[in-house]
Amino acid sequence: MITNISLTTVYCLDQDEARDFYVDVLGFVPAADVSMEGFRWVTVCHPDHPEVQITLMKPGPPLDEEAAAFYRRQLEKGQSGGLGLAVDDCRKTYEELTAKGVTFLQTPEERPYGVEAVMRDNQGNWIVLVEAKARR
């Protein structure tokens, strides 16, 4: 039986730059950095949720070259989907990350499900920040 999500992939062009952004700017912690036979496995996780890791993966095998090239082009254009991150206060997080130089594609806005802002990581991935509406 499936019990939880334990790993998700975010494609990047430079694993070191991506790791530094997720750690130094977003507050994640390094989880793994292992090289094996020409392949590098780099993961980060939220400090309160080590059971869910984000793999920072360069487009390549097991993708074929056509698929890898597509991901690289999307990243270079800043049009790759990334993550949805829960935040306690979207407007405050927006202000803090803006002060750190993060590029936002959408300022915090009210939505039926809460307050949402859309940012871009330093690799070209969109990241959605969501402050969920209180449940009744």
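Helices (H or I, at least four residues) and strands (E, at least two) are DSSP runs, numbered from the N terminus. The model is predicted, so local features need pLDDT of at least 70 and side-chain atom pairs count only at pLDDT 80 or more, while totals for chains, interfaces and linings use all residues. Residues are numbered from 1 along each chain as its sequence is written, and side-chain values use heavy atoms, with hydrogens and water left out.

**View 1. The annotated domain, residues 4–132.** An unreviewed UniProt entry places the feature "domain: VOC" at these residues. UniProt positions are given in the numbering used here, feature names are shortened, and annotations may be inferred rather than shown by experiment. Over residues 4–132 the chain is 26% helix and 47% strand. The end C-alpha atoms of this stretch are 20 Å apart.

**View 2. The largest nonpolar core, with 25 residues.** A nonpolar core is a set of buried Ala, Val, Leu, Ile, Met, Phe, Trp, Tyr and Cys residues joined through side-chain atoms within 4.5 Å. Buried means under 20% relative accessible area, exposed over 50%, and partly exposed in between (1.4 Å probe, protein chains only). The residues with the most contacts inside the core are Tyr-22, Leu-26, Leu-56, Leu-97, Phe-104, Met-119 and Leu-129. Two or more residues each come from helix H1 (15–25), strand E3 (39–46), strand E4 (49–57), strand E5 (80–86), helix H3 (90–99), strand E7 (114–120) and strand E8 (125–132). H1 gives the largest share, four residues. Contact means heavy atoms within 4.5 Å. Not counting residues up to four places away in sequence, Leu-26 touches Phe-21, Leu-85, Leu-97, Met-119 and Ile-127.

**View 3. Helix H1 and its two ends.** A polar contact is a pair of N or O atoms within 3.5 Å; within protein, one must be able to donate a hydrogen and the other to accept it, and residues adjacent in sequence count only if both atoms are side-chain atoms. Asp-14 caps the N-terminal end of H1, with a side-chain oxygen 3.0 Å from the backbone nitrogen of Asp-16. The buried residues of H1 are Gln-15, Ala-18, Arg-19, Phe-21, Tyr-22 and Val-25. An α-helix has 3.6 residues a turn, so residues three or four places apart point the same way. Just after H1, Gly-27 takes a positive phi of about 90°.

**View 4. Helix H2, residues 65–77.** The expected span of a helix is 1.5 Å times one less than its number of residues. For the 13 residues of H2 this gives 18 Å, which agrees with the 18 Å between its end C-alpha atoms. Asp-64 caps the N-terminal end: a side-chain oxygen of Asp-64 lies 3.2 Å from the backbone nitrogen of Glu-66. Ala-68, Ala-69, Gln-74 and Leu-75 are the buried residues of H2, and what covers them includes strand E1 (7–11), E5 and E8. Lys-77, also in H2, is exposed, with a relative accessible area of 53%. Lys-77 and Gly-124 are 47 residues apart in sequence and 6.8 Å apart in space, C-alpha to C-alpha. Just after H2, Gly-78 takes a positive phi of about 70°.

**View 5. Cys-12 and Cys-45, with no disulfide at Cys-12.** A disulfide is a pair of cysteine sulfur atoms within 2.5 Å, and by this rule the count is zero. The cysteine sulfur nearest to that of Cys-12 belongs to Cys-45 and is 16 Å away. Cys-45 is unpaired because its sulfur is 16 Å from the closest cysteine sulfur, in Cys-12, too far for a bond. Cys-12 is buried at 1% relative accessibility, and Cys-45 is buried at 6%.

**View 6. Thr-43 in strand E3.** Thr-43 counts as buried, at 1% relative accessibility. Apart from residues up to four places away in sequence, Thr-43 touches Leu-7, Pro-30, Ala-31, Ala-32, Gln-53, Ile-54 and Thr-55.

**View 7. Backbone geometry in two loops.** Pro-62 lies in the loop between E4 and H2. The peptide bond from Pro-61 to Pro-62 is cis, with omega near 15°. Glu-37 lies in the loop between strand E2 (29–36) and E3. Phi of Glu-37 is near 45°, a positive value in a residue other than glycine. Glu-37 is exposed, with a relative accessible area of 85%.
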